[in-house]
Amino acid sequence: MKSKTRKAVLGFLLMSFVIVFALNTVIAQFVDVTEVEINGLTASPNDTGQTISVTASETIPVLVKFKALENASDVKVKVYIEGFKNEVSDETSRFHVIKDNTYVKRFSLTVPSTLDFDDLTEELKLLVRVSAREQDSEEVFVPLEIQRELHSLNLLSVDLTNVVVLGDKVTVDVVVENNGNERLNNVYVKASIPGLGISRTVYAGDLSPEQDISDDDINDAVNKVVYLTIPKNTVPGNYELEVEAYNYDASSKATTRVVIEDVKTG
């Protein structure tokens, strides 16, 4: 009887040791992410009580600070925001870390446009993942709240005929969006080629903060086409083309290039 009891105790101790060893193996970390800084504001990782506010469409700097708990090779740090059609992310190239050393990595993320979400504000998470060869990845998060500026215009797309001949027209197709909190009245779209001294402005109308599905005249975005005629005495070459959407309260600019060729004769 004593023998059976002794075996049972030994079996229990052995099983406990195996479970503890397995748990330690699973939760073992090779790095400790100690600090995440977003737009100059410092946050403690995984702290749900601390939310950092960022503005739609802006580009924000992100700093990640971590300590190596083990030597590791092929380490990579990635920061990203999930839940959007186009991935919002930035990452480092691979590097090595040495135990007990502290490392700082810097990133740049462009916050999604308000076209990607419905409300005036949206709660999301900035995720930070540190991975390495033969190590379990370490991932932490920082709560974010994306919100709109009071007055803001965004050029969602600028498409044009990239190559034109002398005397022809450059067709500039522009989609402009109100991604602010307030209605924008009397919005204009201007296209110009400063090197040639030519420009044209078209009226885009009024843009509301949100699209009204019950009224086709109330929209948060509009598509306009601007035509620029190339003078016949223009010197062929590459020219900078500027597009600006603006009204009294806000403006947004974009720059692209157009190739102007001489007329080809057969």
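## Salt bridges, ring pairs and cores in a predicted model

E139 has a relative accessibility of 37% and counts as partly exposed. The structure described here is a predicted model, and E139 is a useful place to start on its charged pairs.

**Salt bridges**

The count of salt bridges comes to 4. One of them joins R133 to D74, with the closest N and O atoms 2.5 Å apart. This pair links distant parts of the chain, since R133 is in the loop between β9 (121-131) and β10 (138-147) and D74 is in strand β5 (residues 72-81), 59 residues apart. Are R133 and D74 buried or partly exposed? R133 has 48% relative accessibility and counts as partly exposed. D74, with a relative accessible area of 24%, is also partly exposed.

Strand β5 also holds K76. K76 forms a salt bridge with E91, and here the closest N and O atoms are 3.8 Å apart. E91 lies in strand β6 (residues 88-91), so the pair ties together parts of the chain that are 15 residues apart in sequence.

E139 itself forms a salt bridge with R129, with 2.9 Å between the closest N and O atoms. E139 is in strand β10 and R129 in strand β9, so this bridge ties together parts 10 residues apart in sequence. As a general point, side chains of opposite charge can pair when their charged atoms come close.

The accessibility of four residues from these bridges is listed below.

| Residue | Relative accessible area | Class |
|---|---|---|
| K76 | 22% | partly exposed |
| E91 | 41% | partly exposed |
| R129 | 31% | partly exposed |
| E139 | 37% | partly exposed |

K76, at 22%, is classed as partly exposed rather than buried because buried means under 20%.

**Aromatic pairs**

There are 4 aromatic pairs. Why is the pair of F66 and Y103 called stacked? The ring centres are 5.6 Å apart and the planes meet at 20°, so the pair is stacked; the reasoning rests on a limit of under 30 degrees for that class. The F66 and Y103 pair links distant parts of the chain: F66 is in strand β4 (residues 59-68) and Y103 in strand β8 (residues 102-110), 37 residues apart. F66 is buried, with a relative accessible area of 0%. Y103 counts as buried at 15% relative accessibility.

Y103 also pairs with F95, and that pair is tilted, with 6.4 Å from centre to centre and 45° between the planes. F95 is buried, its relative accessible area being 15%. Through ring pairs, F66, F95 and Y103 are linked into a cluster.

**Charges over rings**

Two lysines are placed over tyrosine rings. K78 lies over the face of Y80, 5.2 Å from the ring centre. In the case of K169, the charged end sits over the ring of Y227, at 6.0 Å from the centre of that ring.

**Nonpolar cores**

Which residues have the most contacts inside the largest nonpolar core? They are I38, V62, F66 and L126, in a core of 36 residues. Two or more residues of this core come from each of β1 (31-38), β3 (52-55), β4, β5, β7 (95-97), β8, β9 and β10. Apart from this core lies another one of 29 residues, among them L153, V164, L207 and V258.

F66 thus appears both in the ring cluster and among the residues with the most contacts in the largest core. Leaving aside neighbours within four places in sequence, F66 is in contact with residues including V31, V33, V77, F95, V97 and Y103. The contact list of F66 also includes D32, T34, N101, T102 and K105.

**The loop residue N247**

N247 is found in the loop between β17 (237-246) and β18 (251-261). N247 counts as buried at 12% relative accessibility. Which backbone atoms lie close to polar side-chain atoms of N247? One is the backbone oxygen of N185, at 3.0 Å from a polar atom of the N247 side chain. Another is the backbone nitrogen of D249, at 2.9 Å from a polar atom of that side chain. Neighbours within four places in sequence aside, N247 is in contact with L153, L184, N185, N186 and V187. L153, one of these contacts, belongs to the core of 29 residues.

How values were computed: Residues numbered from 1 in each chain as written. Predicted model: local features only at pLDDT ≥ 70, side-chain atom pairs only at ≥ 80, totals over all residues. Heavy atoms only, no water. Phe/Tyr/Trp six-rings, centres within 6.5 Å; stacked < 30°, edge-to-face > 60°. Helix = DSSP H or I, 4+ residues; strand = E, 2+ residues; numbered from the N terminus. Buried < 20%, exposed > 50% of the residue type's maximum accessible area, 1.4 Å probe, protein only. Lys NZ or Arg CZ within 6 Å of the ring centre and 35° of its normal. Polar contact = N/O pair within 3.5 Å; in protein donor to acceptor, adjacent residues only side chain to side chain. Contact = heavy atoms within 4.5 Å. Salt bridge = Lys/Arg side-chain N within 4 Å of Asp/Glu carboxyl O. Core = buried A, V, L, I, M, F, W, Y, C linked by side-chain atoms within 4.5 Å.
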